Amino acid sequence: MGSARQAALLNEGGNFVVTLVIDCHGHYTTVPEAHNKWREAQKSAFKAGQATPPYPAISDDEIRESIEKNQLRLIRERGADMTIFSPRASTMEHHVGDQATSEAWSRACNDLIARVVGLFPETFVGVCQLPQNPNSDLTATVKELRRCVEQLGFIGCNLNPDPGGGHFAHPPLTDPYWFPIYETMVELDVPAMIHVSGSCNPGMHATGAFYIAADTIAFMQLIEGDLFARFPKLRFIIPHGGGAVPYHWGRYRGLADMLKKPELGTHLMNNVFFDTCVYHQPGVDLLARVIETKNILFGSEMVGAVRGIDPTTGHYFDDTKRYIDALPITPEQRHAIFEGNARRVFPRLDAKLRARGL
Ligand SMILES: [Zn+2]
C-alpha cells in the first residue's frame, strides 16, 4: 500500500498530467455478517413490538478482512486509488419499520463506514445513508447528515427520491418537502447521489428496473422544476450513467424546450452529474459523446449490482475504468473524469486531498 498510485498521462503538449483515479460510487456490500444479523434482529423486533437487541461487537480485523479481500483487492487490481464509500444501497430499506428504525439502522451503517475509513484512510472516504422514512419529514435526515459530515468527516450523502420502495408516491425532488435537506447540503457544501434502495414492488426489479427508472425519473423531475434557481449551489450525482437520460438526450432537450425551460446546459447541468456505471464500452462511449466531460464522474458501483464477467470481453462488467481508458479523449478530459470533477463536486474531498499534499 502506501501513497496513492497516481496514473501519469501525456497531454498533447507532451507534458505529463498526473491524475488520481477516484471512484465516486462504491458500497460496503461485504459487511461482517454480525452487522446483517443485527439488522434482521432489528426488523423482527420492530414487527414483534419489542426492543432491538444491542448492536454486536465487530472487531477491526473482521472489517479489515471484509475490505481487503474485496473492495481493496479490486481497487488495486483495476488501478484505482480511492473510493467514495457508502453503505449498501439495496439494504437502506427506508420503507421498513418507522423513523426510529431507520435512524438506528442508518447510524449503525454510517458508523461502520467511518470505521472502514479509519482503517484505510488513504483509500476510502465516507458518504452517508440517510434515515429517511416514507411517513416522516426530514428532521432526522438532516440531523444524521450533519452528524456524518461534522463528526465523522463524511463528504456527501445518498438521497433516496422514493423512500417508499418502488411506488414513487413521494413528492418530486423539486417539492418544498425536500428543502430542509437541500439547505443543509448547501450549508455543509456536500452533494447527494440520488440513489434508491430495495424495491418492495414485485413488478420492479431493484437494480435492473427500479434503479434505472429512478435515475431517469429524478432527471425529469428536475427538468420540470426550477430547483437550481432556488439552490444554485446544490449538486446531485445521478448514478448508473444517468439512467436512460444520455441515451434519450434529445427527448429531454426537447421536453425542456416544450416546457419553456432554459436549455439543459444552464437549467440543470451546472448542478447535475452522471457517473460511469454503465457496464459496457458502447454505453460509456455514448455517455462521453453526449454529455460534457465536466459532468461525468468515474464510478464503478463495485462490489455491487452486477458482479459477473462479460463473456464477450473476458473482464468484469463493473471494471469500468477500462471503458474510460479506451475513450478517444484527451488526457485533460481523462483527468477530469477520474479526478478533477470529483474534487469539484465534493469540495470536502478536495480539502482532504490537499491536506495530504495531493
Ligand atoms: Zn449504488
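These legends go with a set of close-up views of the chain.

The model is predicted, so local features are described only at pLDDT of at least 70 and side-chain atom pairs only at 80 or more, while totals for chains, interfaces and linings take in all residues. Residue numbers start from 1 along each chain as its sequence is written.

**View 1. The whole chain, with 14 helices and twelve strands.** Helices (H or I, at least four residues) and strands (E, at least two) are DSSP runs, numbered from the N terminus. The C-alpha atoms fill a box of roughly 65 × 55 × 40 Å along the principal axes. The radius of gyration is 20 Å, which agrees with the value near 21 Å for a compact globule of 358 residues; this is taken over C-alpha atoms, and the globule rule is 2.2 Å times the number of residues to the power 0.38. Buried residues make up 42% of the chain; buried means 20 or more other C-beta atoms within 10 Å of a residue's own, exposed means 12 or fewer, partly exposed is in between, and C-beta atoms are placed from the backbone.

**View 2. An open, parallel sheet of eight strands.** Reading across, the order is β3-β4-β5-β6-β7-β8-β9-β10. β3 (22-28) and β10 (296-297) sit at the edges with a single partner strand each, so one side of each has no neighbour in the sheet. Strands count as paired if DSSP finds at least two bridges between them. Three bridges link β4 (residues 82-87) to β5 (residues 124-129), and phenylalanine 85 stands opposite glycine 126 in β5.

**View 3. β6 beside its parallel partner β5.** Three bridges hold this pair in register too, with glutamine 129 opposite asparagine 158 in β6. Which way do Gly156 and Asn158 point, and which way Cys157 and Leu159? Gly156 and Asn158 go one way and Cys157 and Leu159 the other, and all are buried. In a regular strand, side chains alternate between the two faces of the sheet.

**View 4. Helix α7 (residues 206-224) packed on the sheet.** The helix touches β7 (192-194), β8 (236-238) and β9 (272-275), and its direction makes about 140° with that of β8; axes are lines fitted to C-alpha atoms, for helices over the stretch in contact, and angles run from 0 to 180 degrees between N-to-C directions. The buried residues of α7 include Phe210, Tyr211, Ala214 and Phe219. Seen down the axis, the buried residues of α7 fall within an arc of 160°, so they line one face of the helix; the arc is that of the directions from the helix axis to the C-beta atoms. They pack against β7, α8 (227-230), β8, α9 (249-258) and β9, where contact means C-beta atoms, placed from the backbone, within 7 Å.

**View 5. Glutamine 151, out in the loop between α5 (139-150) and β6 (156-159).** Is this residue buried or exposed? Glutamine 151 counts as exposed, with 9 C-beta neighbours inside 10 Å. Leucine 286 is 40 Å away, C-alpha to C-alpha.

**View 6. Backbone oddities at three loop sites.** Most residues other than glycine have a negative phi, and most peptide bonds are trans. Glutamate 93, in the loop between β4 and α4 (99-119), has phi near 45° and is buried, with 21 other C-beta atoms within 10 Å. Histidine 240, in the loop between β8 and α9, has phi of about 50° and is buried as well, with 24 C-beta neighbours inside 10 Å. The peptide bond from methionine 302 to valine 303 is cis, with omega near 0°, and valine 303 lies in the loop between β10 and β11 (309-310).

Conventions
Contact = placed C-beta atoms within 7 Å.
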